[in-house]
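Let's take a walk through this structure together, with a pocket as our starting point and two backbone details to follow. Have the model open and turn it as you read.

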Amino acid sequence: MMRKNYYHKLAFMGMLLIVLLAFQKYTSREKENFPEIKFIIEHPVSPNLTDFDPNNLDEMQWKHLGFSEKQVSTILNYKKIVGGEFTSKEQLKKCYAISPEKFTELESFILLPETAKGGHFEKFTNEKREIVVSKKFNPDRLSSSEWMKMGFSEKQAEAILKYKNYLGGSFVSKEKFKECFIISSENYSKLEPYLLLPAQTPDHFKKSGNQYAIKSDIRYHTFDPNVLDLNGWKALGFSEKQAGTIVNYRDRNLRGSFKSLEDIQKCFVISDEKFQELKPYIKLTPTTNLIQKQETDFSKVDLNLITFKQLLEFGLDEKSAGSMIGFRKKLRGFVNKQQILETYNIDKNLVQKLISIASLDISNVPKYTLTEAPEEWLKDHPYFKYSADKIIFYRTTYTDDKKILKLLKLKPEYEERMKLYLK
């Protein structure tokens with residue numbers, strides 16, 4: 001009987017041990033270190049994006065690309081720091097306001113080389129040059145070449161003049177001159193004793209340029225405001241932006257000419273004070289001499305041959321006309337009118353009117369098969385250059401365009417753009 005009880009206890013202990021082992025194994029599963037799962041989020045590309053040159057974008061256009069007001073401000077300031085122009089994608093990518101994800105989204109549309117020529121950029125503020133100055137001078141009167149003689153590089157000199165124009169055509173004071181980011185503290189210390197400028201900025205100065213804080217020291221001469229171009233207005237003391245506004249106001253709002261002094265005075269970037277300075281020197285051309293501006297019959301003009309001058313005559317500003325001609329040149333010709341409306345920096349309403357009047361001859365636009373297209377053409381054409389290396393590789397094996405297009409795995413809209421220029 002005792003032996004029987006002993007075996008019962010032994011069996012019970014065995015069962016308890018099995019239960020404990022099973023429980024331990026079950027609970028230990030919760031402590032296993034499972035690999036961390038990372039979800040890859042694809043950043044979709046906006047279907048409205050087209051090729052663009054970031055050097056031509058204004059504040060509103062950067063916002064249309066999805067950047068906030070603060071990010072846009074940072075990008076434009078960065079552009080000034082690198083000399084007023086982005087030279088490559090590599091340089092643009094370094095702007096911290098553009099996230100890696102956002103840059104990847106935009107990269108294939110950016111009309112810039114991958115890297116700058118020579119593999120480096122000119123950095124203004126770190127450039128070690130000896131600045132030499134021997135006599136007192138008014139920096140408002142110095143030309144680009146005179147700044148270069150002093151020891152600044154060509155791009156630095158251009159940036160200094162752009163800063164002066166930004167202030168409204170004058171450095172105004174030593175205080176404002178010192179704020180020019182191109183001029184280091186060390187160089188300013190050398191220049192300061194020789195500057196013929198007041199030490200402090202006048203209280204009434206407004207850097208917006210809509211009014212002149214101080215009377216400019218310009219030598220005026222008789223001029224015809226109806227034949228003055230952008231540089232001509234700048235020579236009268238206006239900033240580049242102000243000069244562009246005046247030219248646009250004349251060519252677009254007034255259809256090519258100021259008819260009276262009152263027309264000039266109404267231009268909002270010309271202050272009353274500035275107008276009184278200019279008034280004695282203004283000589284208006286009789287409108288009979290301006291008839292030649294209306295000579296072109298745009299219904300007989302080919303959009304693939306229209307000139308820069310004719311676009312200005314139609315009413316486009318220089319920026320719009322330049323963008324349209326530049327984009328056409330890269331494409332080797334438009335093949336449909338919709339492409340013109342996709343050009344950046346154009347007045348779409350005015351261009352829509354133009355393309356509804358003018359014709360488009362595509363007979364001279366070069367087209368190739370993918371297997372025959374010259375490498376230079378593939379690598380330079382906006383619609384092909386980002387796939388050029390793959391095309392060149394695939395066509396060593398395949399001779400069928402359809403097969404190569406399939407291997408490229410392009411988005412439908414990109415493939416359709418390519419087909420516009422394929423035989």
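**A pocket and two backbone details**

The residues that line the largest pocket divide into 19 polar, 16 charged and 13 nonpolar. Keep in mind as you look around that this is a predicted model.

How much volume does the largest pocket have? The value comes to about 2,300 Å³. Its lining is made up of 48 residues, and the closest to the pocket centre are Asp58, Lys79, Glu240, Lys241 and Lys319. If you would like to trace the lining by helix, try α2 (59-64), α3 (69-81), α7 (154-166), α11 (240-253) and α15 (318-331), each of which supplies at least two lining residues.

Now follow the chain on from α15 into the loop that leads to α16 (338-341), where you will find Arg332. Take a look at the backbone here: Arg332 is not a glycine, yet its phi is positive, near 65°. Is the residue buried, partly exposed or exposed? Arg332 has 27% relative accessibility, so it counts as partly exposed, given that this class lies between the 20% and 50% cut-offs.

A second stop is Lys409, in the loop between α20 (401-408) and α21 (412-419). Lys409 is not a glycine either, and its phi is positive at about 55°. What is the relative accessible area of Lys409? The value is 74%, and because exposed means over 50%, Lys409 is exposed.

Definitions and conventions
Residues numbered from 1 in each chain as written. Predicted model: local features only at pLDDT ≥ 70, side-chain atom pairs only at ≥ 80, totals over all residues. Heavy atoms only, no water. 1 Å grid on protein atoms, 1.4 Å probe; cavity = no way out; pocket = protein on both sides within 12 Å on 5 of 7 lines; lining within 4 Å. Points joined across faces, edges and corners; volume = space filled by probe spheres on them. Helix = DSSP H or I, 4+ residues; strand = E, 2+ residues; numbered from the N terminus. Nonpolar A, V, L, I, M, F, W, Y, C, P; charged D, E, K, R; others polar. Buried < 20%, exposed > 50% of the residue type's maximum accessible area, 1.4 Å probe, protein only.
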